[in-house]
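Reader: I would like the reasoning behind the labels. Please set each value against its definition.

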Amino acid sequence: MAIERKPEPKWVMVVDADRCSGCQACVVACQAENNVPLNTDAIFNQKRAHEWIRIERYWVSGDPDKRPDEVDFKNLKVKFLPLMCQQCENAPCEPVCPVYATYHNDQGLNVQVYNRCIGTRYCANNCNYNVRFFNFWEPVWPETLRNQLNPDVTVRSRGIMEKCTFCVQRIRRGDRLVKRENRDFKDGDVTPACVQSCPTGALAFGNIKDEKSAVAKMAHDDRHYRLLEEQGTGPNVIYLKKVDLHAAEDKAHE
Amino acid sequence: MAFTRKEFLKLAGGTTAGAAILAACRPNVREFLVQSPSRLPEDLVNGIDNWYATSCAQCGSGCGVVVRVIEGRAKKIEGNPLHPLSGGKLCVRGQAGVQALYHPDRVRRPMKATGARGSGNFAETTWDEALAAVTPKLNEMKGAAAGSLLIVTDSLNGGLGMVAKRFAKAMQATHATFEPMEESALKAAIKQTFDQELLPDFDLGRSNFILSFGSDFLGGWISQVRHSRGYGEFRQGARKRGTLVQVDSRFSPTAASADEWLYVKPGAEGKLALSMAYVIIKSGLGDAVAARALTGGRGAAALEAYAPEKVAEATGVEAKHIEEMAKSFAAPENQPAIAIGGGAAGAQTNGVFNLTAIYSLNHLVGNVNKPGGVIFNPPPPIGDGTAAADRIAYAAGTSTSLGEWKKIVDSMKQGKVKAALIRNADVVHGLPASLGFAEALANVPTVVSFSSFLDDTTYWADWVLPSSLPLEDWADVPMNPGPGYEAVTFQQPVVRPFRDTRGFGDLLLTLAQELKLEKDLPWANMRDVLRQQAQKLHQLRRGSVTGATFEEFWGKLLQQGGWWDTNARVLPVTFVNGLTLTNPEPEFAGDAARYPYTLLPFQTVGIGDGRLAHLPWLQATPDPITTATWETWVEVNSKMAKDLDLREGDIVRIESPAGAIDAMVYPNPAASPDVLAIPVGQGHKAYGRWAEERGANIYSILDPREEKQSGSLAWAATRVKMTKTGKWKRIPKMEGSVVPIDFSNKVKVTNKDS
């Protein structure tokens, strides 16, 4: 019996910056799901904290003619931006890997194969978004805390590069589910940990080839843009800009 | 732990019996209602995960969660998609619940003190020995004078609160609850403004305009997940995008997310709110009937003293700004609008005045108990008795104000307290040091702690009887505030106790049997207490769970993680209390000449008030504004820091009339030059490897000043001075780890609806 091949889905995340309140729920949800090494104070001081998804905080001046550090304290604003691997279509990290540890799979994911990685760190150097993290040390958990580790996710050892996978273990579960039920993906079949926890609903995830999916609709929102898209990386994360009631004063991009 | 893996699996199999499975593999709503086998060998099958519904007890909100359990181990906590508060979502603190469970420094088994009190030297012992030693001591208390026994717990409600309360009553003990930054002032204000005993729900998702005073509702205040869900809808939901104005003395995460941040001088929030009320009434906006009721029929004239130009100086907000804000708050196109207040606004000596003024604005725009406004909460239909007051007491729990704590400390110092039982209340760390709680505790002959961690207070204990953590224990959690209708979350043990611990409720009931208190505490264990309450829910035959037999109902109740009835709401009420204009002036400890800055302690989204400082994920959670982690920093206005020649990381001495601490400078461009904001929660002497000897304890330098009407701690009413120490330390923070990508000017967007 011939097995009918369904078209592969293409996974896309949409980040609505207008909903994001910077609460960090996604950050810890990701660490809990993906066995990310503990970020101690020493690790932070070495500037080597692993946060596969992090919240960028930008100071924004309320006065278009002045820089944020020049205005009065009452006239400052902040924008939060959750940032994770953009799963670029034309990923700068991929061609520089001498051992093909990072490559593009047919679901549009930029995949990191841990047991190929030899730790050259070329990929992290070439990443435009600073979302790749290198294990400078063997990750250590106290023995009891290892009980929490997710058995679906590899613990990366010293000398290995790691990054956001769009929770590929959950995608694999979804693959098996749709195969078993012999149907196409629909919204909710696959939910990465960050999307699942996000209390404000700022994150959405789905198959953009499916026109009925939430991400396909959101991708056409007036506010959509992609990070550093002018550099041609073709990110698969779509951002929806934060609405600024004082945008009329914002002349910088006109 | 001497037993083998095989033995463990056997044991684990025994306990998870009774826990009802939520759904296999993933939280699939379709499978929620499928009755599972009551004994669950599935838990122990390699590679198969099960999801159990329970309640998150990392903070007091009572969100429903589902826990992924594989081979008897809890792996991940997610929000329960069916639950009215969490709706499938969860905050940082809830996520970290698994780290408490498997914390390497958890107390393994009962312990007795071996060295001097407070030395932290303990020897492990058995439950039999520990209970045999503690029970006779408690037996002596039975006949002793009232108040000889002191029971200190965290704020308890539901069945556990009932058991603790009954135990205390039968033993003629003093039952005190302790939370470092409790909200007595807020409760008093809600009572005065709305005549409600339970905290209300804020329907942010259906609101068009949020005016928030001091309440950092996106940064952990009261019920972060509920508020955040509402906020998401408020921003980009099906309705028009709402406008958020945050009035705050600190640039909090909520202020950062707001469309407009209004800096207000600490303690002047109430005046500002009254000034807005004045503008609204004067310009004829809002509900005229409510305006008359609020002002005793005098209208704007009653608030003449709060006209914008008269309070501009005191509040630090320009008169025209006050006028603008008031008019947009009450403008018809912005309805429904909601005013909320809390946090620092209530933590002043005039906190209740501030909060009643703020919440009264809701009456003016007529949104009380209406969609998009302040929604009242009915007590769930369970309790220690059936009268409304019993049900309210069951849901509200108890809280002990600072004023009452002072009396308790006095009676301890006078030697009236002969024994103290303490659970999950780190009073030594959290009470202002000048009250001398540690010394008073040294005066108590017997101290028994039920904490699962060696916190600063447990260090002073003679006996440690570790109680199980929420993921290992039973409870029912009537949420306060609830979702606006009758609702109660049920907490079931999802894993077997990881250490040799027992549930606190079970322990109290065991002790009650030993002490012959069966008349007051007739239950064998907490599960029986809960089943008795569940019987009441079963008999109602309404709500989210029903069942032909009680056993069927009980199984479904645990599968779903609780019971709620979206139709059981508080009927519309027309109560409008007149504004109380007494005690408008805040008072501060320390004169302004010697102590030039107001100290503004705040809770970070991670470790909160310090009770979660033992968890590494939460310690490592960057504060959204500063991105700092793991330490105690002080936010100093950047320009002022430059003038004072302070760089980031410079260690300064922060001195109040009550004491001094050291903290690292973080120059914050959005900090007011009058205010020094410092995160609370660090500075534990003990509490496990990730909390001990880290940062500084802000509570220790707070002046024990009370809010005038409610007696709660006015934690934002201390003034401080700052001096350089000449030392420097690197601030562990996320900022600067990577090159920022400036995204802000990439596309032009305006608000289509405004």
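Author: What follows covers the contact between the chains, then salt bridges, burial and a strand pair. This is a predicted model, in which local features need pLDDT of at least 70, side-chain atom pairs count only at pLDDT 80 or more, and totals for chains, interfaces and linings use all residues. Residues are numbered from 1 along each chain as its sequence is written, chains are lettered from A and ligands numbered from 1 in the order in which they are written, and side-chain values use heavy atoms, with hydrogens and water left out.

Reader: What makes up the contact between chain A and chain B?

Author: Contact means heavy atoms within 4.5 Å. The contact takes 84 residues from chain A and 95 residues from chain B. The two chains bury about 7500 Å² between them, 58% of it on carbon and sulfur atoms. Buried area is the accessible area (1.4 Å probe) that two parts lose on being put together, summed over both.

Reader: Why is the pair B:Arg68 and A:Asp152 called a salt bridge?

Author: The rule asks for a side-chain nitrogen of Lys or Arg within 4 Å of a carboxyl oxygen of Asp or Glu. The closest N and O atoms of B:Arg68 and A:Asp152 are 2.6 Å apart, so the pair meets the rule. Across this interface the rule finds 7 salt bridges.

Reader: How do you know that the salt bridge of B:Glu233 and A:Arg19 joins two chains?

Author: B:Glu233 lies in helix α7 (residues 224–236) of chain B and A:Arg19 in the loop between β1 and α1 of chain A, so the pair joins two chains. Their closest N and O atoms are 3.3 Å apart. Helices (H or I, at least four residues) and strands (E, at least two) are DSSP runs, numbered from the N terminus.

Reader: Why is A:Arg19 called buried, and B:Glu233 partly exposed?

Author: Buried means under 20% relative accessible area, exposed over 50%, partly exposed in between (1.4 Å probe, protein chains only). A:Arg19 has 11%, so it is buried. B:Glu233 has 36%, so it is partly exposed.

Reader: And what makes B:Asp520 partly exposed?

Author: Its relative accessible area is 31%, so B:Asp520 falls in the partly exposed range. B:Asp520 sits in the loop between α18 (504–514) and α19 (526–540) of chain B.

Reader: How do you know that β19 and β20 of chain B pair?

Author: Two strands pair if DSSP finds at least two bridges between them. Strand β19 (residues 486–491) and β20 of chain B have 4 bridges, in the antiparallel sense, so they pair. In β20(B), B:Asp565 is the bridge partner of B:Glu486.
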